[in-house]
Amino acid sequence: MFEGQSILVPSHEVYGPVLLAWALGMLATLLLRVRFDREWNLTMWTVIHIKRVWQRLSDESARTGGTMTSHTMGLIAWSLCGGCWAVAQYPDIPAGSGQVWSGCAFGALTGLIALIARTLGAWLGGWITLEQTAVKRGLEIDRHMRNWLLWGFMVLFFLFLIRNPGFTFEHHPFHAMLMLWWAWIGLKWLRQLQVVVRSSLHFGWGIAYICTFEIGPTWILYREIFS
């Protein structure tokens, strides 16, 4: 207390683990840009020029290192969001609290489970529909889109730290991240529908696949964790 008023704790101290995740996201982005040109280009094209992804040559396909880097970036995005979610859940959270570390770890674990479930779901969907190529393209889109989600979260968190140097519970970035997540989900589903149309799949199979392995799990995740 100072003259009867509470002294605000610096936001970067409260969000220390999230700031670490942000730094790891920046390092992973630099690694992707410098070392894995193919994966970087595919990530760019997925949002701004999706037809270029489908028209790529065989020597433009991603390598294992780039693929693993993108998957890591997706887990970092979940970790960053998980830390902000933890702060939003505990109004009186102190600086350096283990709750934020737990939130980051929980977010990364949730992302890993989602990745495994999506991969298994795609394998099952490909086995049912006999459309392995279309399913593989869908997984690629999901991977590249997660890179964009990380960058969006990083921008939101950076703007939050600039605008809120002193931490108050009334201002936290989680709600903005949640809205961005929904916008990202909408764009990703649009890209998945484009895969269905371009691959000339039976539209009923395509809608059933998206509803079962995309919309359903997303709604369960939102209801159980984010609501």
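**Notebook: a helical chain**

I counted the elements first and found 9 helices and 0 strands. The model I am reading is predicted. From the N terminus on, I noted the order as α-α-α-α-α-α-α-α-α.

Next I looked up burial. The chain has 227 residues, and 43% of them count as buried. I also checked how far apart in sequence the contacting residues lie. Among contacts with a separation of 6 or more, 78% are between residues 24 or more positions apart.

**The core**

I turned to the largest nonpolar core, which holds 46 residues. Tyr-15, Val-18, Leu-80, Cys-84, Phe-153 and Phe-157 touch the most other members. I listed the elements that give two or more residues to this core: H2 (16-35), H3 (37-48), H4 (50-54), H5 (64-89), H6 (98-129), H7 (132-163) and H8 (174-198). The largest share comes from H7, with 11 residues.

I picked Leu-80 and asked what Leu-80 is in contact with, leaving aside its neighbours within four places in sequence. I found Val-18, Ala-21, Trp-22, Phe-153, Met-154, Phe-157 and Met-177.

**The surface**

The chain exposes about 12,300 Å², and I noted that carbon and sulfur atoms supply 66% of that area. I then found a nonpolar patch on the surface, formed by Leu-20, Leu-24, Met-26, Leu-27, Leu-30 and Trp-101. Together these residues have about 580 Å² of accessible area. H2 gives the most to the patch, with 5 residues.

I looked up one patch member, Leu-24, which lies in helix H2. Is Leu-24 buried, exposed or partly exposed? Its relative accessibility is 42%, so I entered Leu-24 as partly exposed.

Terms used: Residues are numbered from 1 along each chain as its sequence is written. This is a predicted model: local features need pLDDT of at least 70, side-chain atom pairs count only at pLDDT 80 or more; totals for chains, interfaces and linings use all residues. Side-chain values use heavy atoms; hydrogens and water are left out. A nonpolar core is a set of buried Ala, Val, Leu, Ile, Met, Phe, Trp, Tyr and Cys residues joined through side-chain atoms within 4.5 Å. Buried means under 20% relative accessible area, exposed over 50%, partly exposed in between (1.4 Å probe, protein chains only). Helices (H or I, at least four residues) and strands (E, at least two) are DSSP runs, numbered from the N terminus. Contact means heavy atoms within 4.5 Å. Accessible areas come from the Shrake-Rupley method with a 1.4 Å probe; for residues, only the protein chains shown count as cover. Patches are made of residues with over 30% relative accessible area and no salt bridge: like charges are joined within 9 Å, nonpolar side chains (Val, Leu, Ile, Met, Phe, Trp, Tyr) within 5 Å. A salt bridge is a side-chain nitrogen of Lys or Arg within 4 Å of a carboxyl oxygen of Asp or Glu.
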